[in-house]
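Got the viewer open? Here is a short tour of what to select and what you will find there.

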Amino acid sequence: MKDIVSLCKRRGFIFAASDIYGGLNGFWDYGPLGVELKNNLRDRWWKDMVITPPIGPDGSPIEILGVDSAIIQNPRCWEASGHVGGFCDPMVDCRESKKRYRADHVFVLVPKDGEGFSFAFDKDDEDDVIEKRLQKLAKGKKVEDFERTMLDQIDPAEFGEIIGPDVKNPGTLTEPRQFNMMFHTFVGATAGDENKAYLRPETCAGIFLNYKNVLDSNRAKVPFGIAQVGKAFRNEVTPRNFVFRSREFEQMELEWFCEEDEVPMWFDFWLEERTRFWESVGIPKSELHFLNVPKEDLAHYSSRTIDVEYRFPFSAPDFDELEGIAHRGCFDLTQHQEFSGTKLEYFDQANNRRFLPHVIEPSTGLTRGVLALICQAYTVDESRPSGVYLDFKPSMAPKKAAILPLTAKEDHVPTAQKLYMDLREDYNVDLDIKQNIGKRYARQDEIGTPFCFTIDNETSKDQSVTVRHRNTMEQERVSLDNVKAFMKEHISKA
Ligand code: ATP
């Protein structure tokens, strides 16, 4: 992860927010290449959902409509959704280190023989970190001598026997407290409770609030979907793992409204579609894991959730959540109907009946998806000067091609400029004139540009350029007239 984070900064994918002030924990900025990558992933999702939605079981395209709702909504909305009362994480403080942990992210090694202290660790701590700490503090005991339990499964009365993750003495961890993760603000000039409002912790609420508007204005028929991409905010107790868990992030959410008895069929449909999506943007199925979330871990609105997990470097060999596919029942529409007093039932004209549709929700983190794409693309290759290249699918790559005049002299530059002007109408391409050609190739490898076109002395003679393939470093000649066709063939099929 360290190498990935450093490449992201060095090459302009992702920076710490407020970097020059020392950053702000849990907030990130996307640089020139990061924003292109994020837009590519977002646009592909939008296209697959809204512009060219999948073909349904009856052989015709399903219907999905897009919205872009306000980040701040009427605060009653969050009472109805259950977030004001229940969107909480259990938080534990360490009195000595002053650090704060999520109780469900800390595991404890409890001695099997009941002798001596227990040791708490962060859930992502690697084996060698655990071994080293035990060597120092556990008086000859090894990992095998302990039972592994999550901190939130231990009675706080027994916390006195636990040595916290960052200290050497027992009894410094406080009892878990519920911590509401919604950021709040005040609307208008006075900061009283009557003006309190929240930054949305998930984008889907804006969909439920607009469900009736969309139905009425578009003559939509159940089953249909509403999609939204946008920012969400959660005051995470412990933001971590680069952009994986941040306090400000982006989501891409679809709410699929259907009849209750069709839920199992649509759930399978969306699971398959979403898997296909991740494969199509470059995440192989072998790196995905599908977690059937146990009943006791389900969110308050869900009766079934499958988490699509990816093998992130910090979780490997295990997986961590990339997307959740949840059956939300008719929880949200029921709650908003009750709290708003507005009827939200769907009128099924053919059968002359009214009902609240059930909802299947594939909910994806856009920024988490960007991290997955970067992690998956990161390929070490000692044989090349950069030592590494990013193996993005051409369709996801921030720059589709680089145009490199071999030297800054002769007529290389004007030809390169002409090719650049020609290609940039259709593709995001880079014109790079400075430095020696090796350094320029290395830079393009590190930012994942799939093709480099080099204009050299032969170009003026035979009107052709060298194209270098990123992954194989193989080179071939392509005539200038055929560069566009080459791009079309190689970008559109990948
Ligand atoms: P987690 O268990 O990781 O906290 P969650 O189950 O609370 O996630 P959901 O509420 O299902 O997450 O949100 C849907 C998606 O939004 C997640 O699959 C993830 O991709 C993304 N997401 C949620 N929280 C964050 C965060 N703090 N930072 C970045 N992405 C997030």
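**Stop 1: a buried pair**

Start by selecting Glu 236 and Arg 245: both are buried (under 20% relative accessible area, 1.4 Å probe, protein chains only). Before going on, note that this is a predicted model, where local features need pLDDT of at least 70, side-chain atom pairs count only at pLDDT 80 or more, and totals for chains, interfaces and linings use all residues. Residues are numbered from 1 along each chain as its sequence is written, and side-chain values use heavy atoms, leaving out hydrogens and water.

Glu 236 and Arg 245 form a salt bridge (a side-chain nitrogen of Lys or Arg within 4 Å of a carboxyl oxygen of Asp or Glu), with the closest N and O atoms 3.5 Å apart.

**Stop 2: another bridge, then a network**

Next, pick Asp 332 and Arg 328, whose side chains meet in a salt bridge at 2.9 Å, N to O. Asp 332 is buried at 3% relative accessibility, and Arg 328 is buried at 1%. Now add Asp 89, Arg 102 and Asp 104 to your first pair, Glu 236 and Arg 245: salt bridges with shared partners join these residues into one network. In total, the structure holds 39 salt bridges.

**Stop 3: a bridge across the chain**

Where do Lys 99 and Asp 166 sit? Lys 99 is in the loop between β4 (88–93) and β5 (100–102), and Asp 166 is in the loop between β9 (162–163) and β10 (177–180), 67 residues apart. (Strands are DSSP E runs of at least two residues, numbered from the N terminus.) Their side chains meet in a salt bridge, 3.8 Å from N to O.

Key: Helix = DSSP H or I, 4+ residues; strand = E, 2+ residues; numbered from the N terminus. Buried < 20%, exposed > 50% of the residue type's maximum accessible area, 1.4 Å probe, protein only.
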